Amino acid sequence: MKTAFYPRLAVDSMKKNRQLYLPFILAASGMVLIFYILSYLAHSAFIRVLRGGSELSSIMNFGSIILAFFSAIFLFYTHSFLLRRRKTEFGLYNILGMDKRSLARILIWETLIMATVSLISGSLGGILLSKLAELILLRLVKSAVSFSLSIDLPALLNSVVVFMLIFALILLQSLLQIWRSNPIELLHSQATGEKPPRGNWVLALAGVLLLVTAYSIALSIKDPIAALFWFFLAVILVIAATYLLFIAGSVTACRQLQKNKRFYYQKQHFVSLSSMAYRMKRNGAGLASIAILCTMVLVMLSTTVCLYAGTEDILRTRFPRELSVSAKISQPLPADDSYWETLQQQLLIAPDQTQLSAQNLLSYQYAYMIGQVSGDQVRIAEEEDPVVPTSDLISVIILPQQDYNQISGSSLDLAPGQALLYANRLTYAADSLTINDAVTLQINQRLSTADSLAEVEIITEAAGYTPELVLVVSDYASLLTRLQQSLNDAQQSNLYLSWNYAFDLKGSDSAIAESQQLSYWQGKLDTLTAQSEGRLYSLSVNAVSEERSYYYSTYSGLLFMAALLALVFILATVLIMYYKQLSEGYEDQSRFAIMQKIGMTTQDIRQSINSQILTVFLLPLLAAGLHLAFAFPMLQKLLLLFGLSNHRLFVSVALLCFVLFTLFYALIYRVTSHVYYHIVSKNTKA
Amino acid sequence: MDILEVRTLKKVYANRLGANQVQALKQVDFKVEAGEYVAVMGESGSGKTTLLNILAGLDQPTSGQVLLEGQDMGQIKEKDLAAFRRDHLGFVFQDFNLLDTFTLEDNIYLPLVLAGKSYAAMHSRLQPLTEQLGISQLLNKYPYEVSGGQKQRAAVARALITGPRLILADEPTGALDSRATDELLSLFNQINHQGQTILMVTHSVKAASRSGRVLFIKDGVIFHQLYRGLCDDEQFYQKISDSLTLLTTGEAR
Ligand SMILES: Nc1ncnc2c1ncn2[C@@H]1O[C@H](COP(=O)(O)OP(=O)(O)O)[C@@H](O)[C@H]1O
Ligand SMILES: [Mg+2]
């Protein structure tokens with residue numbers, strides 16, 4: 001009997017305060033649910049095996065970490081609000097002879113109940129919905145799906161531990177609060193004469209200043225990655241400015257307007273303005289939080305939706321041609337280009353034996369050798385097989401001027417014996433370069449960046465560590481002949497030629513469909529390699545179709561995570577708004593009853609309520625819209641880094657997100673403001 | 001001339017199911033003339049607040065009429081009632097009913113602002129009023145910063161500033177200490193001497209003894225009334241006490 005006393009008291013008081021507790025528990029459950037889903041997806045075997053699956057997993061992991069931190073802060077904050085409203089009740093218990101130890105026991109039980117309910121309902125929901133989430137994600141990735149419901153124990157354990165910790169933190173805070181206060185204080189904590197809000201010019205101005213600074217940083221950032229520090233500074237400044245402006249700026253503005261007697265003492269301004277000052281003082285922080293959450297939702301959704309929708313564009317920018325074939329051939333080198341031409345023709349025979357045609361052909365060749373440099377002399381290395389080059393080995397790449405001009409769109413015009421040099425990962429100061437004592441080139445020009453060589457696969461993909469000398473020459477053919485003649489037997493294998501084609505395919509639809517498959521090309525390459533009797537040293541193909549799945553899995557992972565986080569943020573917005581309406585309702589209840597007695601018509605009261613509510617509704621949304629607008633150029637540059645240059649797409653996606661979000665936000669607002677009206681009209685006939 | 005006339009007023013409170021009916025007012029008839037200072041006395045639960053709320057138009061009677069300056073309050077449309085109340089009546093409540101978001105000054109202005117008066121007009125009315133009430137120094141303070149007596153004086157100023165035909169006061173001294181009570185009652189006498197009609201509801205003999213006429217209400221009917229006549233405050237106090245004793249013994253009988 002005695003043992004059941006505290007749990008029963010806890011249950012009773014939670015029931016009595018269900019208006020406060022139910023939304024809190026629902027929100028906590030929602031967060032557990034989404035956390036479970038994220039960690040489930042991070043573990044999911046189906047996702048691991050996808051191309052780009054490990055990236056997907058780490059995106060989900062990252063999302064779950066963000067969510068854990070956010071949940072901790074958010075639940076902690078809302079629970080402190082809950083606690084504040086309950087203090088009077090605790091004060092009463094205390095005065096009626098319940099000591100703090102007993103109060104603590106009630107609190108412990110309450111937290112235990114909340115934690116248990118949230119964890120159980122959240123994980124159950126998570127387990128049920130995780131499969132759905134997986135299906136959606138796999139669909140987004142455009143991959144086949146399987147149906148089987150499973151419980152992921154590590155994910156479950158993860159969720160339980162994380163949220164237990166959060167609830168422990170919440171309990172600790174409640175206990176501390178009860179411990180530190182005295183009963184009279186508890187009893188009156190809600191009713192203590194509230195000081196009238198005073199405008200704080202310093203803080204308000206600081207807010208404006210910070211906002212202007214943040215916006216101008218955002219507008220002036222050219223390269224968001226290089227200026228990562230400034231990027232984050234801008235974000236932090238915007239957050240700080242939002243809080244300052246909502247808390248101090250709004251009150252100052254109200255106060256300033258009140259000083260204008262003509263304006264203030266008008267029926268439609270008088271009540272609204274003075275209530276607004278109080279409202280903003282109490283709810284400024286909540287509204288600022290809403291504004292920031294809204295901004296985050298908008299930014300996350302618009303960028304990730306845009307990336308996902310723009311995947312094709314991105315692929316097109318990254319891989320201008322559908323297919324790129326690279327053939328590498330070692331000794332004996334073909335005498336002329338006809339060898340390559342036959343190879344290309346054979347490549348383009350479609351599965352149905354029709355001839356495909358290559359469109360937008362981009363072709364270039366280069367000679368590649370491995371050697372040792374000393375002074376202005378390069379000797380081709382003598383290993384049998386060029387394995388991973390050791391430290392004193394360098395690569396020398398020779399490009400024909402004609403191909404270089406085509407690739408880079410430049411019009412280089414070198415005389416025979418002259419060369420353009422790009423030295424990568426080494427410094428080469430000499431004015432001339434002699435290879436194998438057979439070829440001597442005068443360094444006529446030097447490149448400091450590889451920008452104009454970007455198309456040359458071996459340079460861009462050389463994420464390795466070999467120093468490279470890239471030479472562009474005009475008399476490529478004769479130079480190659482001389483080089484070849486100078487080779488001894490041991491050097492033969494360290495010089496080879498590479499021929500590269502990148503092209504789009506043209507032909508019958510079925511032929512193209514089939515030839516999009518990398519496996520088709522693999523088979524073809526194997527045949528060609530076998531026919532070449534060992535001359536073809538390597539033949540490889542890159543198909544955009546293959547890259548496509550990789551890109552889709554990354555971007556759909558981002559989109560998915562953003563959508564889940566947006567859901568959580570929206571959940572948080574709803575809860576903040578709900579509690580705000582609840583507390584305002586109670587505060588305004590008596591106020592409007594008085595006004596009615598003094599002779600305010602119900603119509604006046606309605607009007608005043610509506611105008612205040614509308615302002616409070618619009619402010620965070622406006623702030624979010626403004627933030628988004630100023631972040632826009634910066635976000636655009638970020639997207640450009642991902643390869644998305646379709647600005648129209650981004651503009652329309654962002655606008656669409658904003659419109660949809662506004663509708664959704666209005667819906668939330670309508671529903672929660674019912675709570676407000678309901679409370680306010682209890683005492684009034686409004 | 002009668003400012004207020006109440007005819008066979010009846011008020012029945014029914015709970016939502018209509019099962020439990022409470023007859024707060026059975027049959028109330030009385031008149032108040034211009035310049036009068038009338039006190040309505042009765043025990044707690046006798047229907048005083050109900051009566052006042054009906055007079056103020058805040059509540060509708062079950063039957064009967066309230067005529068204010070000859071106009072039937074029941075005939076005034078719901079949407080005009082608030083304005084009518086604001087322009088013709090002034091209220092003083094037991095719990096002051098000042099808005100905590102306004103300074104005392106703004107609280108006093110409230111009815112005028114609602115009536116759409118200009119700031120200059122309001123300000124010129126405020127000056128003499130607050131001087132008389134002794135709160136000129138407190139105008140910039142907020143309700144939570146001043147004492148109960150001062151709050152009530154601000155509430156009186158708010159009631160008076162519209163120049164109402166009738167002041168309705170519901171236990172205005174109920175939440176005040178004895179010194180503040182005395183001050184407020186003197187204030188009421190003062191404004192009554194200036195011609196202001198006052199109807200005050202109270203259960204305090206002391207408060208009633210300062211008025212010109214006392215109506216006794218019990219179980220929803222006015223069963224007795226006393227005129228001051230030529231009595232001074234103390235004699236009138238005695239008369240009221242005697243009536244109340246009679247009332248109790250009458251009940252015992
Ligand atoms: N809104 C109401 N609903 C039901 N009964 C009420 C209501 N208001 C007052 N009463 C009842 O009417 C009677 C008179 O109340 P009231 O006018 O407040 O008395 P007084 O102000 O003289 O103390 C009481 O019995 C009270 O319980
Ligand atoms: Mg009463």
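What follows is a short chat about how a few labels in this predicted model are earned.

User: Before we start, what are the ground rules here?
Analyst: It's a predicted model, so local features need pLDDT of at least 70, side-chain atom pairs count only at pLDDT 80 or more, and totals for chains, interfaces and linings use all residues. Residues are numbered from 1 along each chain as its sequence is written, chains are lettered from A and ligands numbered from 1 in the order in which they are written, and side-chain values use heavy atoms, with hydrogens and water left out.

User: Why is A:Asn436 called buried?
Analyst: Buried means under 20% relative accessible area, exposed over 50%, and partly exposed in between (1.4 Å probe, protein chains only). A:Asn436 has 5% relative accessibility, so it counts as buried.

User: And what makes A:Asp437 exposed?
Analyst: A:Asp437 has 60% relative accessibility, so it lands in the exposed class.

User: What is the sign of phi in A:Asn436 and A:Asp437?
Analyst: Positive: phi is near 50 degrees in A:Asn436 and near 60 degrees in A:Asp437. Most residues other than glycine have a negative phi.

User: How do you know that A:Ile136 is partly exposed?
Analyst: Its relative accessible area is 40%, so A:Ile136 falls between the two cut-offs. A:Ile136 also joins A:Leu128, A:Leu129 and A:Leu132 in a nonpolar surface patch of about 360 Å².

User: What makes that a patch?
Analyst: Patch residues have over 30% relative accessible area and no salt bridge; nonpolar side chains (Val, Leu, Ile, Met, Phe, Trp, Tyr) are joined within 5 Å, like charges within 9 Å. The areas come from the Shrake-Rupley method with a 1.4 Å probe, and for residues only the protein chains shown count as cover.

User: Why is the pair B:Asp100 and A:Arg591 called a salt bridge?
Analyst: The rule wants a side-chain nitrogen of Lys or Arg within 4 Å of a carboxyl oxygen of Asp or Glu. These side chains meet at 3.4 Å, N to O, so the pair qualifies. The count between chain B and chain A is one salt bridge.

User: How many residues of each chain are in contact?
Analyst: 26 residues of chain B touch 25 of chain A, where contact means heavy atoms within 4.5 Å.

User: What area is buried between the chains?
Analyst: About 2500 Å², with carbon and sulfur atoms giving 65%. Buried area is the accessible area (1.4 Å probe) that two parts lose on being put together, summed over both. In chain B, B:Thr101, B:Leu114 and B:Tyr144 lose the most area to chain A, together 24% of what that side buries.
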